[in-house]
Every structure is written in C-alpha cells, then in structure tokens.
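Grab a pencil and work through these exercises one at a time. Try each task yourself before you read its solution.

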There are 2 protein chains.
Amino acid sequence: QDFDLATIYVSDAQYNRNIYFDTSPQAVRLYLLYNHWALKVLLYFFILVNLSLAIFEEPALVSLPTWATMLVELLCLLVFTIRLVHYAKVIPREKFWKDPKNICIIVVLLLTLIDMIIYGALKAANLYSVRWSRVLRPLLLINVTEGRQLRRAFRSIRNALPEVSSVFVLFIFSVLMFSLMALKLLSKRRGLKTIEGASYFTNYLEIVFDLYVLVTTANSPDVMMPAYNANSIFALFFILYILVNTYIFMSVFLAVVFNNYKKHLKEEIRQLVRAKRHKMARAFGVLQEQREEGGPPVVSHENWNKLVQQARPDISSAHRELLWRVCDDGNQGFIGKVAFVQLADLLNIEVITLKSRPHPLQSLIPSLYESKPSRLVCRVVQHRGFVITFDLIILVNAVFIGLDEENPLISNSEWVFLALYVLEILLKLYAFEPRAFFSKHSFWNWFDTIVVVAALIATIVNSALKSSGGYTSRQVLDIVFILRVLRLIRVVDSIKRFRAIINTLIRIGPAILTFGQLILVVYYVFAMVGMELFKNKVKFYEDITNPEKAYCGNPLLKGSTFAQLSYCKNNFNNVVSSFILLLELTVVNQWHLLGTGFATVTHKSALIFFVLFHVMVVIIIINIFVAFVLEAFFVEYSVGKGDLQTSLERKIEELELTVAQEKLEDNLVNAMETIDNDLGSGQSPTANLPSLLFKVASKRYRTVDALLQRMFEADLDPEDFAENDIPEDQAGNFENPTFGVA
Amino acid sequence: QDFDLATIYVSDAQYNRNIYFDTSPQAVRLYLLYNHWALKVLLYFFILVNLSLAIFEEPALVSLPTWATMLVELLCLLVFTIRLVHYAKVIPREKFWKDPKNICIIVVLLLTLIDMIIYGALKAANLYSVRWSRVLRPLLLINVTEGRQLRRAFRSIRNALPEVSSVFVLFIFSVLMFSLMALKLLSKRRGLKTIEGASYFTNYLEIVFDLYVLVTTANSPDVMMPAYNANSIFALFFILYILVNTYIFMSVFLAVVFNNYKKHLKEEIRQLVRAKRHKMARAFGVLQEQREEGGPPVVSHENWNKLVQQARPDISSAHRELLWRVCDDGNQGFIGKVAFVQLADLLNIEVITLKSRPHPLQSLIPSLYESKPSRLVCRVVQHRGFVITFDLIILVNAVFIGLDEENPLISNSEWVFLALYVLEILLKLYAFEPRAFFSKHSFWNWFDTIVVVAALIATIVNSALKSSGGYTSRQVLDIVFILRVLRLIRVVDSIKRFRAIINTLIRIGPAILTFGQLILVVYYVFAMVGMELFKNKVKFYEDITNPEKAYCGNPLLKGSTFAQLSYCKNNFNNVVSSFILLLELTVVNQWHLLGTGFATVTHKSALIFFVLFHVMVVIIIINIFVAFVLEAFFVEYSVGKGDLQTSLERKIEELELTVAQEKLEDNLVNAMETIDNDLGSGQSPTANLPSLLFKVASKRYRTVDALLQRMFEADLDPEDFAENDIPEDQAGNFENPTFGVA
C-alpha cells in the first residue's frame with residue numbers, strides 16, 4: 001500500500017509529472033494504471049488516428065465514405081472520453097474542474113461532436129457544410145497530460161509574445177515608413193515598369209507587401225531592378241531598407257525570442273526542480289521510520305530496495321546495489337532525507353552494466369579459437385589499420401557508385417563491395433563477443449549490419465528479377481541505391497571530430513522532436529484552414545497532353561508566374577500536399593509567388609493567410625528553434641557532468657567496478673556510445689577484473705526534461721531544500737499552466 | 001616631463017591603446033603628436049582616398065587618366081610611409097621589427113610600388129596588365145595602429161575557423177552524400193526535365209551545386225518541382241535534405257561561431273583590462289610620492305588635478321572635482337594606488353553637466369515672460385497633451401502624404417502642416433531654455449528642427465521654381481518627399497517601449513560600424529577580383545531601343561534567365577555596381593542566377609568565386625554579426641551599470657548635485673538621452689537647488705571597447721590587481737596580435 005504511493009511519488013519525480021492525485025488506496029491503484037505505458041501508447045495511437053483522418057476526409061488523398069471517417073472519429077472521441085474519465089477518478093474533483101487542460105479537452109470533444117452532428121445533418125440534406133472542428137484536433141495533442149514538453153514549448157512562445165510584438169510593431173512601422181517613401185519616390189511620375197510590364201510601385205498596399213517580402217529576401221533583387229535600372233541612386237534606398245529591416249530587425253527578433261526563452265526556461269526548470277524535491281520528500285515521508293529515539297527519520301535499506309524494485313523493475317540488482325552505495329555513503333544500512341531525495345536523479349542517470357563474457361566460439365572450440373592464426377585474425381580486426389582499410393574501400397565504393405552503372409564492370413563491382421562488407425561484419429563477429437557487438441548502445445554496429453544485409457537482399461532480389469525476365473523493378477532498384485549510399489555514411493564515424501558533432505546533434509535530437517510536434521500542430525491548423533479556403537482552386541494534371549495543365553486547371557492563372565514555374569502541384573487539395581506547401585512557405589523562398597498564385601484564384605485578401613503563416617512560423621517558431629539549438633549547444637560546450645553523476649562515477653571507481661578508460665577510447669568499433677562490446681572478446685583476460693562492470697553513459701540523459709534541467713543546473717542552488725514542507729494547497733502550483741482555448 | 005608620460009599612460013589606458021612606446025622625453029613628445037586627432041583623421045582620409053581610387057581606375061565609374069590616379073596613389077603611399085616612420089621613431093627599434101603589423105604595411109607599400117612600376121611600364125608599351133596590388137589596399141585599413149576594433153573582428157573570425165571548418169567539412173560531406181543519392185534516384189532513367197527543358201539532375205557536379213544552392217534556399221522550391229511533379233514521394237528526399245542541411249547545419253554554424261566568439265572575446269577583454277591596469281599602475285609610479293615614512297606611496301590632489309587637466313582638457317573643473325571626490329572618498333587630499341587605477345574608467349563614464357540658466361527672454365523682458373498668459377503657454381507646451389496632439393497631427397500628415405498630391409487641396413495642406421511644425425518648435429523654444437533645447441544630447445530636438453527647417457526651405461524652393469517657370473525639379477521634389485516622410489519618424493519617440501528598443505540599437509550602433517569596416521574589406525577584395533574577372537562581360541544599356549539590351553550586350557546570354565530578369569545592371573563594370581552586386585549576393589536570394597549568369601559569359605569555374613563569397617560572407621561574417629548583436633542584446637538586458645558608475649552616481653547624490661529623477665522621466669521633450677534641457681525653463685524655480693547639476697549619461701559608454709568590457713565585466717574579478725607588477729618584457733604581450741599577410 002505505502003509502497004505503491006511511494007513508488008508513484010518517485011516515478012512522478014523522475015519523469016517530472018506534476019499531477020495532484022488522490023492518495024486514497026483506490027485512487028493510487030487507478031493512478032498506477034493511468035501511468036501504464038500501454039495506455040499512453042494507446043492514447044497517442046488514437047490521437048494519431050484522429051489527426052490522420054484528414055487524409056481520408058474531403059478534400060481527401062484517399063477517399064473514404066463519410067460514415068467511415070465519422071465512425072473512426074467517434075471511436076477516437078470515445079477513447080479520449082474514457083481517458084479523461086479515468087483521469088477524473090484519479091485526481092480530486094475540485095482539482096479536475098480547476099484545470100484548464102481538462103476543460104479544454106471537454107470543450108474540444110463537445111464541439112467536435114456538435115460539428116459532426118451538424119455536418120452529418122447538412123450532408124444528409126445535401127447542403128454545403130464545413131468540418132470546422134478539425135482545426136481543434138491538435139489541441140488534444142497539447143492538452144493531454146503527457147503533452148508537457150509541447151505545452152512548455154507553447155508557453156515559451158506565449159512568454160516571448162509581448163516583447164516580440166512590440167518589436168514587431170516597430171518593425172511594421174519601419175516597413176510602412178519605407179513604403180511611403182517608396183511610393184513618393186518611385187510612383188507613377190517615374191513611369192517605371194516591372195519586367196512583366198505592370199506598373200511599378202504605384203499602389204501603397206502593394207508596395208507594403210513587396211517590401212515585406214523583401215525582408216524575407218524572397219524577391220531580392222527583382223523588386224529593386226526597375227528602380228536600379230532607372231537610376232543607380234535608388235539602390236541606396238533598398239540597401240538601407242535591407243540593412244535596417246532584414247539584418248537589424250531580424251537579428252533583434254532572434255535576440256528577443258532567445259532572451260525570453262532563456263529567462264522563462266530558467267524559471268520553469270527551477271519550479272520543476274522544486275516540485276521534484278517536494279515529491280521525493282513526500283515519498284520519504286511515507287517510508288520513513290524512527291531508528292533511534294529523537295533521531296532524524298530514516299529509510300531502511302530493505303524498504304529502499306523494495307521501492308526501487310517497484311519504481312524501476314527493469315534495473316538489475318547489481319545496479320540497485322550500486323545506487324544504494326552511492327546514497328548510503330557511510331555504509332550505515334539506512335539513509336536520511338537528503339540522501340533519499342537524490343534518488344529520482346540517480347534513477348535518471350543511465351548506468352550501463354557490462355558483463356564480461358567469453359566469446360561463444362571460445363567455449364565451443366577453445367583450441368581452435370585460441371590458436372595462433374585465430375589470435376592473429378582477432379588482432380588484425382582490432383587494429384586501427386582495419387578500420388582505415390575499410391574506410392578507403394568505402395571511398396572507392398563511393399566513386400564506383402557515382403560512375404555509370406550501365407557499364408557491366410561497374411555493376412559487377414557491386415558484388416565485390418558487398419562481399420567485402422559482409423566479410424568485415426563476419427570478421428568483427430569473430431573477433432568480438434556477438435551479444436556485446438549487438439548490444440543496445442552500439443548504434444553503428446546495428447546500422448552497418450542492417451544496411452549491408454538489406455543491400456545484400458535487395459541486390460539479390462534485383463538480379464533475380466532481372467535475370468528471370470529482364471525486368472527491373474524501379475522500387476527495388478531505388479532501395480538498392482539508397483542503401484548503397486547509406487553505407488558510405490559510416491566513414492563519418494571514424495573521424496573523431498565529426499563524431500563529437502554528431503553525438504551533440506543526437507543528444508539534442510529528442511528535444512528537437514518536441515519542436516516537431518509544435519510544427520505539426522501549427523501546420524495542421526494552417527493546413528485545415530488552407531484546405532477549406534483553397535481546395536481545388538489549383539489542380540495538378542499528371543497527363544502532360546492535357547491543355548489545362550499549363551494553367552493548373554484554372555483560367556485565372558493563365559500566363560501567371562505561378563503556372564509558368566509549374567507550381568500546380570503546390571496546392572491545398574489534400575493534406576499531404578498542403579503540408580509540403582507549408583514546408584515550402586517555411587523555407588521562405590518564392591513564398592510570395594505561391595501566395596499571389598492563390599490570391600489570384602481567390603481574392604487578394606488571401607495573402608493575409610500567407611503573411612500570417614510567415615510571421616507565426618518563420619519569425620516566431622523558427623527563431624525559438626534556433627534559440628533552442630543555440631542554448632543546447634552552449635550547454636553541451638560549457639556544462640560538465642552533474643554533481644550526482646560525478647559522485648556515481650566516483651563510487652563506481654571506488655568499488656573498482658570501472659571500465660578501463662583507455663580501452664574504451666581506443667576501441668573504434670563501438671564508437672557511438674563507446675561501451676558494452678569491449679570486454680567480451682577476451683584477448684588478454686585480466687584475471688582479477690570483476691565479471692561485472694559499470695559505466696555511466698557519458699552525457700546521455702534519459703528524458704528531455706533532464707537535459708533541460710542540466711542546462712540550468714549550474715545556476716540552481718543544490719542545497720535548496722526549503723520547499724520540503726510547502727503547504728499542501730500550494731502543491732497545485734506545480735501543475736504546468738496550460739495553453740489551449742485561453 | 002613626468003606629466004607628459006603619466007598623461008600618455010592614462011589616455012592609453014582610457015582608449016585601450018597597447019603601444020609599447022619609448023619612454024625617453026623626445027619619444028614621449030613624438031608619441032603625443034602621433035596620437036593627435038588631426039593626424040589620425042588625416043591618415044583615415046588618405047586611406048579613404050586610396051580605397052576610393054577604384055572609382056577612377058579602369059574599369060572606372062568616372063574615368064581619369066592613369067597618371068592622375070597613379071599620382072594620387074603615390075601621395076597616399078608617401079603619407080603612409082611618413083606615418084610609419086613616425087611610429088618607428090616612437091617605439092623601440094626591435095619592437096618595431098617584431099610587430100607583424102608593421103611588416104605587413106611595409107610589404108604592402110613595397111608591393112604596391114612594384115605593381116605601379118610594372119603597370120606603368122606595360123601600359124607605356126601598350127601591353128595588357130593588371131593592377132593586382134589593389135586587393136592589398138584594405139590590408140592598410142586593418143594594419144594601421146588605429147584599426148584595433150577591426151583586427152579584433154578579424155581575429156574572432158580566425159578563432160572560429162578551426163571549429164567552423166570541421167562542421168563545414170561534415171556539412172559538405174552531407175551535401176555530397178545527398179547529391180549522390182539524388183544522382184542515383186533521379187538521373188536520366190527518369191527522363192525528367194526542368195521547366196527550361198534541360199535534363200534534370202544528371203550531372204553530379206551540377207547536382208552538388210543545385211543542392212548547395214538549396215541550402216541557401218535560393219532555388220526552393222523550383223529545384224524540387226520536376227521530381228515532385230513526377231512522384232510525390234520525392235518530396236521526402238528534399239524535405240529531409242532541407243531539414244538536415246538548411247535547418248540543423250545552419251543552426252550549428254551559428255552556434256559554433258557564437259560560442260567561439262564569446263569564448264575568445266572574454267579572453268581578449270580580460271587581457272585588455274589587465275593591460276589597462278598595468279598602464280595605470282605605471283602612471284601612478286610616475287606621479288607617486290611618499291607622504292609619510294614607510295607608508296604606502298600616494299598621489300596628491302594637486303598632481304592628480306594637473307594630470308586630469310592634461311589628459312582630458314575638455315572636462316570642466318567642476319566635473320574634475322567630482323571625480324576627485326569619488327576617488328578620494330575619505331577626503332584625505334591624496335589617493336592610493338587602488339583609487340588611482342580607477343581613473344581611466346572614471347574618465348570613460350560620460351557625466352553631463354547641467355547649468356541651471358534662466359530663459360533669455362526672462363532676463364530680457366521679465367515682466368512679459370512671467371505674465372499669466374506666458375506661463376499658461378509654457379504649461380501647455382510642457383503638458384503631455386501637447387505631445388499627443390502633435391503625434392496625432394503627424395499621423396494625419398502621414399495619411400495626407402499617402403494621398404495623391406496632384407489634388408490642390410492636398411498639396412496646399414502641406415503648408416498647413418509645415419506651419420504647425422514650425423509653430424511647435426517655436427513654442428518649445430519659448431518654453432524651454434534654447435541652449436538646453438539644442439544641447440549635445442538632445443538628438444530628437446536636433447532631428448526635428450533640422451528636418452522641419454530643411455523641409456521648409458525645400459518646399460519654398462520647389463514652389464518658387466514651379467511658379468517661376470512651371471518647372472518642377474525632380475531632385476528638389478524628391479528631397480521634399482524624403483523630408484516629409486522623415487518627419488513622421490518622430491512618433492516613435494513618444495512611445496516608451498519603442499524608445500527602449502531604439503536606444504539599445506543606437507547603443508550597439510558604433511560596434512556595428514566595426515562590422516561595416518569588416519564588410520568593406522571583404523567586399524573590396526572581392527570587388528577587385530571580380531572586376532578583373534568579369535569586367536565588361538555583361539553590359540547595361542540605358543537606351544531602351546538598343547537591341548543588345550535584351551541580352552546584356554553579350555550574345556552568350558541570349559535567352560538566359562539572367563537576361564530575362566533584366567539583371568544586366570548587376571555587373572562588375574565599376575566598383576559601385578560591383579558593391580551593389582556583392583550586396584545582392586549577401587542577401588542570398590537569386591545569387592545562383594547571378595552566378596550562373598557570369599559563369600555563362602566566362603567559364604563554369606566562375607561559380608567558385610560566387611560560392612566562395614557565399615561561404616565567406618553568409619556563413620561566417622553574417623553569423624559573427626548575428627552573434628555580436630545577440631551578445632550585445634543579452635548584455636543590455638542583463639548587466640546593470642558598472643560598479644564605478646554606481647559609485648559615481650552615489651557620490652553625485654551624496655553631494656546633492658543630482659537631477660530630480662521624476663522631473664527627468666516626465667519630461668517628454670528630451671527623450672533621447674533624457675537630460676540637459678530640463679531645468680532651464682524655470683517655471684517653479686526651487687531656490688535651494690545648486691546652479692550646477694550632474695547626471696551620469698545613463699548607459700552610454702564612449703568607446704566600443706568600453707561597451708565590450710562592460711559585456712564581460714560581470715565575469716571579471718574586480719580586485720584582480722596581481723598584474724600591477726608584471727615584468728617589463730611581458731608588457732609587449734598586450735600588443736594585439738595582427739591579422740594580415742599571415
């Protein structure tokens with residue numbers, strides 16, 4: 001009973017969950033169930049299904065009858081409702097109704113239901129109707145309990161908004177002033193014409209739009225050329241404009257966004273850490289016992305063991321023992337509050353357990369495996385020259401790939417290369433212990449093997465198809481090509497400097513995924529709105545002979561730049577092409593042509609949609625993304641390991657359970673995480689090495705939250721335990737504020 | 001004698017000059033002359049003349065005979081030589097020859113001379129010759145003693161290079177891999193065509209170039225369209241490419257540049273501060289005297305006074321007295337080393353002296369000026385409503401400017417607005433003391449008055465011209481229009497939030513000018529090379545009827561996109577259009593079209609020039625610029641005033657010489673620096689206010705170095721006086737390393 005509660009506190013602290021749940025035994029059991037991974041996966045699966053319905057709804061990529069999509073959507077709604085009811089059972093009633101996240105979900109569910117009924121009714125009556133509730137779908141992704149990271153990303157945007165908007169107003173003021181000047185200097189009295197023969201800079205609103213586009217650099221230098229051709233002095237106007245608006249203001253936007261991001265993130269992380277310690281203190285309160293009269297309360301080894309076992313059933317007992325030794329530094333058999341509170345962070349440090357195992361061949365045929373030639377093979381494989389040789393082979397392979405594969409010599413050479421790669425893997429498997437070679441962290445070994453085996457299969461299939469009927473499947477061939485090129489990537493891993501950069505990128509990868517969700521939400525909303533506004537206005541014809549292809553099936557586009565550049569496939573006719581179009585808008589170049597294209601087929605005010613997208617995505621979200629990458633990089637460069645991590649490592653060293661550093665550094669096979677598969681090969685078995693070794697997985701943290709906490713760890717007071725006894729009702733403050741309907 | 005030496009030490013410390021000069025009396029006098037502002041201005045004037053010779057040399061904007069430009073250049077060389085000889089007399093001989101800056105200047109001068117002789121000889125023999133030494137000219141700008149800021153900017157680039165280049169190699173590897181994949185997936189077997197009908201993605205090198213251009217986003221989405229039109233699945237390839245190379249890698253470049261910039265800047269500033277303290281300690285050593293037997297050496301008030309008088313003859317004796325009181329906190333009549341060393345920083349803090357003066361009209365006709373209606377006028381002018389009224393008038397004016405000025409009603413309204421603005425200025429001059437109103441720091445008052453008076457004159461001239469002969473000068477009209485629009489800018493100043501942003505921008509302005517010099521150097525070199533490579537390959541014809549205009553006078557460009565977009569004026573035919581072209585390349589958009597245009601008329605390898613420019617300017621210099629702006633912004637946001645500044649303010653307060661804060665804040669007229677012109681109006685003269693008041697000019701520092709020092713002040717140990725006694729020979733270490741021929 002008590003252990004359930006304590007386990008929940010610990011795992012909430014570990015994963016930074018801030019849910020104020022009911023502590024009655026029944027609610028605790030329900031809460032444990034609520035946090036079960038299977039239910040979460042199920043929830044995300046249904047959110048994904050709900051979002052992907054856009055593929056099948058009108059305008060559809062793959063048409064399905066309306067009743068089918070409606071039925072699936074109803075199912076999704078049902079799942080969300082059940083999940084919400086479950087959540088309502090877990091937390092106290094008044095807390096549930098106070099949380100805007102829950103209100104938001106309920107409102108979204110109700111609105112969706114209403115919309116479905118209206119849509120169904122209108123459809124049945126054959127009237128025009130719009131599924132407007134589709135824009136609300138991404139709100140579910142934000143407001144589910146698990147969407148903490150995403151909510152935080154939205155909060156950083158919201159926090160930056162006041163300051164960004166005041167810079168934005170100033171920026172717009174500057175654009176308007178420059179436009180007014182352009183109107184006065186270049187208006188009709190000059191009689192200038194654009195290359196399309198239209199009048200140049202005569203309409204104020206058009207000038208404002210053109211100059212706004214110039215800020216994004218998308219129409220540079222074209223917008224300047226008529227004036228510049230008329231008189232060189234006008235170039236000065238544009239140079240000044242670009243300097244002020246493109247360079248200075250855009251840098252200021254980045255600076256403001258970055259500064260706000262940093263400031264608020266710091267405050268949030270501080271709160272998170274406070275909440276975590278509070279939860280650990282509660283867990284301590286549940287398990288504490290009085291060792292001696294009047295002494296401080298403590299937790300016994302036995303209870304601690306049971307707790308960790310329940311909180312993290314996946315870690316080995318040896319690992320658990322190691323953690324205990326870190327906590328119980330004095331070997332007393334019990335720990336106090338301060339040591340106990342560390343547990344959540346300790347559990348977040350990834351410790352790799354290495355088992356020293358002999359090579360299976362060594363056990364099977366020891367005489368052969370330990371013979372002189374066999375040892376020589378092992379030594380060759382482990383030599384640096386082996387890696388260099390294969391890097392050279394890869395480079396030669398790259399040249400061969402680049403050459404024309406029609407040549408039989410070259411197409412046959414592919415078999416030679418494949419054979420070499422297979423040989424390489426077999427040799428490595430011979431020299432290294434296979435289970436270590438394919439351990440969880442050996443990214444490059446897995447990558448290599450999968451790519452080579454897949455290439456082998458695909459090449460065989462391809463030549464079988466070819467020899468059987470002279471028929472070459474384009475798909476198979478494409479896969480073969482892709483795999484061939486992918487193989488080359490491995491070269492990067494052999495060069496230390498590159499490895500460092502790539503490891504940094506991989507480490508900030510999970511956090512970038514949060515931005516992926518953010519982009520998904522914004523894109524989804526814009527795609528839904530765009531599809532309603534612009535669907536089927538622009539059509540793409542596969543058939544080259546179709547005369548409508550020249551103007552995208554819309555006579556209004558006849559002779560327009562949009563059609564001339566054959567942008568017809570950039571349309572809002574289904575959700576996939578909408579997303580691709582929005583990506584093109586994010587990349588910025590030619591966005592004004594795409595915008596004016598859609599404005600031509602609808603109305604000039606359609607440009608507002610495109611400008612709004614630019615402001616939202618390019619000025620705000622991309623800047624937040626850059627701010628995030630910059631900050632993460634600085635942290636990677638400047639902050640070392642955390643205190644706890646160091647103490648864990650010290651303990652590992654003390655207990656002589658460490659892996660010899662040099663061996664790890666020299667080993668080139670397992671570059672990705674430099675661990676695991678190192679001791680199994682047993683060329684020179686050091687007799688007195690223990691059979692179990694630990695290693696702290698260098699700088700890799702398990703959760704994004706932990707990375708963020710490390711980012712600001714340096715500024716936090718490690719002894720800030722004052723909040724151990726914050727009043728009950730304040731605990732709710734740790735609930736992350738929501739971003740939804742508000 | 002001693003005072004000369006001490007003065008030099010102090011002013012060297014103040015301006016962060018690190019010149020290891022000879023301390024013999026003669027050398028000191030020469031050094032004082034060397035640092036005279038007139039000589040520096042003269043030097044920069046001749047550097048400017050030398051650089052601007054490009055306007056008159058072939059290919060010339062304004063043709064001058066060769067002998068004329070050569071003569072001017074010889075004069076410039078002579079000036080530089082004299083300056084160098086002067087410098088050689090000031091510093092010890094061995095120091096002179098050890099300094100790479102001097103060697104670089106000598107080499108440049110010699111090479112230029114040799115080049116001029118060769119060129120003259122070949123020219124006389126009518127042979128083809130190139131003035132290759134022109135690319136060396138900007139090196140003088142870098143290597144003159146005064147080019148410290150510029151050298152530092154180049155050093156930050158050089159310091160970032162190793163890390164940037166390893167990321168760059170990885171980035172290029174990624175581009176090559178993607179290109180190989182594109183070649184395999186999209187090469188001729190698909191039979192795709194670009195919209196120009198050329199074959200699509202068939203040549204490996206062309207693919208590499210196209211994909212490199214895609215990183216700059218300049219050919220997005222055009223480069224993707226043929227593949228996307230053929231099959232939607234190919235969009236995935238390009239999305240992945242953009243994600244990896246445009247977003248991730250470009251952010252990494254910024255992160256690496258920023259990180260290096262920060263790291264090295266910190267170290268340099270630390271060294272600068274050490275050198276400064278060392279110099280101040282030396283100045284102290286020159287002036288010190290023993291007050292009491294065995295006591296610490298001190299500097300008397302008298303000597304100190306004499307020193308400051310010589311170092312800064314422009315500051316008032318009252319100001320000097322204030323500084324003394326800050327140093328001599330205990331009122332002892334002498335100061336120790338620690339207090340003395342502060343002097344350089346104290347002199348850098350801008351203190352504004354306010355004199356409480358009555359309005360001249362008050363002295364002339366007191367009865368009238370102090371009458372009731374007069375007081376009412378003054379109160380009205382000082383009221384917030386007065387400002388708001390004129391802001392509204394400006395907004396109405398903006399609308400009128402936007403309307404068609406052919407309409408007589410609107411063109412006449414201009415007179416009304418002008419009259420209103422003149423009235424506003426006259427009223428303000430009536431209410432405020434004129435000398436205070438036009439004080440040095442009242443930027444907006446000056447701006448306002450100049451713009452209104454200029455507009456008045458230009459409008460009168462314009463209507464005089466019009467009424468006299470019905471002739472309207474376009475130039476005069478343009479000036480009138482520009483002035484009208486400029487007037488509107490004043491609105492920004494009334495809004496507090498905008499004022500804060502603009503003040504920040506103005507404060508980092510001088511440092512941005514250093515980047516202006518940096519850009520000038522890089523542009524100049526590229527312009528010189530570009531002019532030799534591409535001059536007269538592309539021609540622009542003013543005459544519309546000329547048939548050659550359609551293909552820029554070069555048959556090779558017939559039908560090319562370059563000619564179709566009428567980019568003919570973007571050429572290297574003179575230094576001005578070269579600079580404009582390079583700016584267009586910096587803005588990035590369409591740079592590939594400009595590049596391929598010039599490659600068409602010369603050779604494919606010409607693209608190398610354009611790619612090199614992109615890498616140099618966009619990837620490195622612009623990122624350094626962004627890093628600088630970001631860092632400056634963060635400092636502005638986070639760092640308050642320095643310790644010294646605060647102690648100066650405290651002293652001002654202590655002495656009751658402060659200006660009442662509220663009065664300053666409320667005053668809306670003098671917004672720019674919120675000072676000076678505030679107390680002269682004397683509506684409610686407080687009898688016991690002293691007639692002289694001081695105010696520390698908020699956060700404005702006088703030199704760029706000081707701003708940079710403030711940027712890192714927070715991290716420096718304020719008590720780090722250990723280097724007071726660094727050995728003589730180490731002093732040379734503070735010489736900034738040079739960046740030139742090396």
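**Exercise 1.** Find how many residues each chain brings to the contact between chain B and chain A, and work out what kinds of residues make up chain B's side.

*Step 1.* Count residues in contact, meaning heavy atoms within 4.5 Å: chain A brings 89 residues and chain B brings 89 residues. Keep in mind that this is a predicted model, where local features need pLDDT of at least 70, side-chain atom pairs count only at pLDDT 80 or more, and totals for chains, interfaces and linings use all residues. Residues are numbered from 1 along each chain as its sequence is written, chains are lettered from A in the order in which they are written, and side-chain values use heavy atoms, with hydrogens and water left out.

*Step 2.* Look at the area buried between the two chains (the accessible area, 1.4 Å probe, that two parts lose on being put together, summed over both). You get about 8,400 Å², with 68% from carbon and sulfur atoms.

*Step 3.* See which helices (DSSP runs of H or I, at least four residues, numbered from the N terminus) take part. Among those of chain B that each supply at least two residues to the side touching chain A are helix 8 (148-186), helix 11 (234-287) and helix 29 (606-638).

*Step 4.* Sort that side of chain B by class: 56 nonpolar, 17 polar and 16 charged residues. Here Ala, Val, Leu, Ile, Met, Phe, Trp, Tyr, Cys and Pro count as nonpolar, Asp, Glu, Lys and Arg as charged, and the others, Gly among them, as polar.

**Exercise 2.** How many salt bridges does the rule find across the interface of chain B and chain A?

*Step 1.* Apply the rule: a side-chain nitrogen of Lys or Arg within 4 Å of a carboxyl oxygen of Asp or Glu.

*Step 2.* Across the interface, you find zero. Over all chains, the whole structure has 44.

**Exercise 3.** Are Glu414(B) and Arg487(B), which meet in a salt bridge, buried or exposed?

*Step 1.* Check the distance: 3.5 Å, N to O.

*Step 2.* Place the partners. Glu414(B) sits in helix 20 (residues 408-431) of chain B and Arg487(B) in helix 23 of chain B, so the pair ties together parts 73 residues apart in sequence.

*Step 3.* Use the cut-offs: buried is under 20% relative accessible area, exposed over 50%, partly exposed in between (1.4 Å probe, protein chains only). Glu414(B) has 4%, so it's buried, and Arg487(B), at 3%, is buried too.
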